[in-house]
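Colleague: Could you walk me through this model and show me how each label is earned?

Modeller: Gladly, let's take it one term at a time.

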Amino acid sequence: MSCRVVVLLSGRGSNFQAIAEADLPIEIVAVISNRPQAAGLAYARGRGLTAVALDHTAHADREAFDALLADEIDRHQPDLVVLAGYMRILSPAFIARYEGRLLNIHPSLLPMFPGLKTHERALAEGVKIHGCTVHFVTAMLDHGPIVIQAAVPVRADDTADALAARVLAQEHRIYPQAIRWFAEGRLVNMHGCVNLKDDLQSQAVLSTGTEL
Ligand code: GRF
């Protein structure tokens, strides 16, 4: 039985596209956007997927909107909920409801640069390595257990746009990988650190620095 996935997005949806086009053992059972005009919704419809617009501007109260969103998600009975550029802060009740089956991608090497404008901040700090992170979502914004990260070099003449494009290419690689691991039941969360099942030997080797 394949893993049932609901995708939440707010805009362009390039991460969602990368996930949809990867050969993964999942079924995308719905794509939901808080912005009716999101390009990602149009792409979902084009692929014949269930695409739902739930306009948050029609709901003043965050908790009330999140409750509606959760009702819509639950109608599709997902094993996993994937945030793919979902640009709204989620209420604690929503996060608690999906704990352990809610993934996000963030365009920085967390715990560096949580929040917005990550590429501009990376350039302003003069970091030499930047990147992206897939993590489980917890109540603390951009701080949940890390599943996978990818690093890119920061070049002396980089603009925020150039750096963003370099990072985005890696996002499109690691998000499908993280979802595959989840779908295969290989992610083990040990005290807030995620390990890969069946990879304990290499984990041990890495932690001791010993060669096989
Ligand atoms: C990505 O940079 C992602 O890391 C962040 O929002 C952006 C979404 O881009 N959370 P897209 O909509 O997937 O193209």
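Colleague: Why is helix H1 called largely enclosed by the rest of the structure?

Modeller: First, a word on the source: this is a predicted model, where local features need pLDDT of at least 70, side-chain atom pairs count only at pLDDT 80 or more, and totals for chains, interfaces and linings use all residues. Residues are numbered from 1 along each chain as its sequence is written, and side-chain values use heavy atoms, leaving out hydrogens and water. Now H1 (residues 14–21): six of its eight residues are buried, so the helix is largely enclosed. Buried means under 20% relative accessible area (1.4 Å probe, protein chains only).

Colleague: Which residues of H1 are buried?

Modeller: They are Ser14, Asn15, Phe16, Ala18, Ile19 and Ala20. Their cover includes strands S1 (3–9) and S2 (26–33) and helix H6 (160–183).

Colleague: What makes a residue part of the ligand's surroundings?

Modeller: One of its heavy atoms must lie within 4 Å of the ligand. Among the residues that surround the ligand are Arg12, Ser14, His106 and Glu171. H1 and S5 each supply at least two residues of this shell.

Colleague: How do you know that Gly13 makes a polar contact with the ligand?

Modeller: A polar contact is a pair of N or O atoms within 3.5 Å. A backbone N or O atom of Gly13 lies 2.8 Å from a ligand oxygen, so the pair qualifies. For Ile105, a polar backbone atom is 3.0 Å from a ligand nitrogen, so that pair qualifies too.

Terms used
Buried means under 20% relative accessible area, exposed over 50%, partly exposed in between (1.4 Å probe, protein chains only). Helices (H or I, at least four residues) and strands (E, at least two) are DSSP runs, numbered from the N terminus. Contact means heavy atoms within 4.5 Å. A polar contact is a pair of N or O atoms within 3.5 Å; within protein, one must be able to donate a hydrogen and the other to accept it, and residues adjacent in sequence count only if both atoms are side-chain atoms.
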